[in-house]
Amino acid sequence: MLKGKKILLGITGSIAAYKAILVIRGLVKKGADVKVIMTPSAKDFVSPLTISTLSKNEVLIDIFKEDSWANHVMLGRWADIMLIAPVSCNTIAKMANGLCDNLLLSVYLSATCPVMIAPAMDEDMWLHPATQKNISLLGSYGNIVLPVEKGELASGLVGPGRMAEPDTIITYLEDYFKDRQVLAGKKVLVTAGPTYEHIDPVRFIGNHSSGKMGVAIANDLAGRGAEVTLVLGPGNISFNFNSGVKVVRVNSAREMYDACVNSFEDVNFAVMSAAVADYTPVTVANEKIKKKDENLLLELKKTKDILKSLGEKKREDQVLVGFALETNNEEANARQKMQQKNADMIVLNSLRDKDAGFSKDTNKVTIYFKNGEEKKFDVKSKEAVAKDIVDCIIQYHHA
Ligand code: CTP
């Protein structure tokens with residue numbers, strides 16, 4: 001699993017830095033290509049000579065060295081993953097706040113590869129609210145934070161804060177790369193964002209959906225090897241898309257319907273997270289509607305229900321996931337939608353939850369399954385919610 005993988009290991013100033021030696025040895029033994037960056041203070045804990053000998057590569061510490069410059073951008077692009085082990089409390093705080101006063105931090109900030117960190121510090125530092133806040137910020141940036149272990153600490157105290165053991169870190173890396181391939185060969189259709197239904201050349205009927213949830217789902221699926229077609233409604237947010245995501249931009253419910261119906265036959269899973277308009281104007285005025293009478297009546301007609309249409313075409317081997325955004329009778333409405341639209345799963349978010357819904361960066365969902373089961377989740381970043389949803393799809397598909 002690790003053979004040929006390019007791993008960029010960051011080592012910071014911590015007593016646990018000696019364990020990084022065992023991480024390097026384990027990775028090299030498994031055939032990984034390891035390059036190491038140390039912070040200047042890490043040199044006080046382990047010798048760069050030992051590290052370069054074991055990793056078989058020159059150790060990078062300085063941004064500038066005489067007449068040369070370490071290309072921090074290319075390092076983050078070279079790597080399949082950046083692992084920082086151990087990561088100290090100080091470096092965690094700098095990463096969380098975007099500080100950039102050494103090579104390791106400049107590589108971290110410019111890295112396009114995923115980042116995994118193994119924190120190491122004393123119990124009280126680990127439990128301090130500032131550290132916990134920084135750790136959750138790093139999680140919200142998509143960094144993978146490995147759990148600390150409980151045990152004897154450098155201070156002599158016993159508690160949480162020890163860096164995960166080298167073998168455990170290597171297992172996490174192996175699982176990570178295994179997970180990246182779990183959906184290889186699978187095709188998925190995802191809808192996201194709002195739709196705009198034109199009234200005249202300058203006005204439309206829309207909604208507050210940002211598309212963030214659907215984009216996070218598409219990125220997570222692609223991150224696990226799936227080939228994703230994301231049918232994305234209009235909006236001004238600029239998203240980062242994983243390389244496995246093909247984006248089809250649409251405006252109206254009709255355009256979204258056409259894009260979905262065209263690709264549904266070829267996909268294994270479809271996730272309909274878009275907030276599609278239920279009604280659209282019967283006619284669209286060719287010219288701007290002028291202000292005249294006190295009241296203006298717009299005649300609307302129903303749009304096609306994309307999820308329902310796909311539910312009618314769904315084969316046994318396909319998994320169809322819908323969303324339900326509710327303000328009341330949440331569970332009953334969600335289950336009814338699942339049944340009426342022939343979906344296998346429905347992801348419910350309630351507008352009564354203050355951390356859920358449009359434009360927010362967090363969400364709180366309950367997932368209902370066709371067989372009557374349900375899974376409730378806490379408030380999480382939309383990226384973490386996307387991971388939960390994709391985990392459920394994979395479990396359902398294998399069941
Ligand atoms: N949906 C769809 N096409 C539509 C309307 C909704 O595909 N024209 C999908 C949404 O993407 C979502 C699910 O149906 O997956 C439920 O959407 P929601 O807006 O919660 O419910 P509606 O079916 O529109 O019903 P209502 O507005 O009455 O709650």
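Guide: A residue is near a molecule if one of its heavy atoms lies within 4 Å of it. The model discussed here is predicted.

Visitor: Of the 16 residues around the ligand, which come nearest?

Guide: The shell around the ligand holds 9 nonpolar, 2 polar and 5 charged residues. Of the 16 residues in it, those that come nearest are Met272, Ala274, Leu307, Lys337 and Lys341.

Visitor: Which element supplies the largest share of the shell around the ligand?

Guide: Helix 11 (306-313) and strand 18 (319-326) each give at least two residues to the shell. The largest share is 4 residues, and the element that supplies it is strand 18.

Visitor: How far is an oxygen atom of the ligand from an N or O atom in the side chain of Asp278?

Guide: Polar contacts are pairs of N or O atoms within 3.5 Å. Leu307 has a backbone N or O atom 2.8 Å from a ligand oxygen, and a side-chain N or O atom of Lys337 is 2.8 Å from an oxygen of the ligand. For the side chain of Asp278, the distance to a ligand oxygen is 2.9 Å.

Visitor: What percentage of the ligand's accessible area does the protein cover?

Guide: The ligand occupies the second largest pocket. On its own, the ligand has 570 Å² of accessible area, and the share covered by the protein is 77%.

Visitor: Is Asp200 buried or exposed?

Guide: Asp200 belongs to strand 11 (residues 197-200). Its relative accessible area is 0%. Buried means under 20%, so Asp200 counts as buried.

Visitor: Which backbone nitrogen atoms lie 2.9 Å from a polar atom of the side chain of Asp200?

Guide: The side chain of Asp200 has a polar atom 2.9 Å from the backbone nitrogen of Val202. A polar atom of that side chain also lies 2.9 Å from a second backbone nitrogen, that of Ile289. The backbone nitrogen atoms asked for are those of Val202 and Ile289.

Visitor: Is Glu265 buried or exposed?

Guide: Glu265 sits in the loop between helix 10 (253-264) and strand 15 (269-272). Its relative accessible area is 61%. The cut-off for exposed is over 50%, so Glu265 is exposed.

Visitor: What distance separates the C-alpha atoms of Glu265 and Arg315?

Guide: Along the chain, Glu265 and Arg315 are 50 residues apart. In space, their C-alpha atoms are separated by 8.7 Å.

Visitor: What percentage of the residues of the protein chain count as buried?

Guide: The chain has 13 helices and 23 strands, and its C-alpha trace spans about 80 × 50 × 40 Å along its principal axes. Of its 399 residues, the share that counts as buried is 49%.

Conventions. Residues numbered from 1 in each chain as written. Predicted model: local features only at pLDDT ≥ 70, side-chain atom pairs only at ≥ 80, totals over all residues. Heavy atoms only, no water. Polar contact = N/O pair within 3.5 Å; in protein donor to acceptor, adjacent residues only side chain to side chain. Areas by Shrake-Rupley, 256 points an atom, 1.4 Å probe, with all protein chains shown as cover. 1 Å grid on protein atoms, 1.4 Å probe; cavity = no way out; pocket = protein on both sides within 12 Å on 5 of 7 lines; lining within 4 Å. Sits in = over half its atoms within 2 Å of the grid points. Nonpolar A, V, L, I, M, F, W, Y, C, P; charged D, E, K, R; others polar. Buried < 20%, exposed > 50% of the residue type's maximum accessible area, 1.4 Å probe, protein only.
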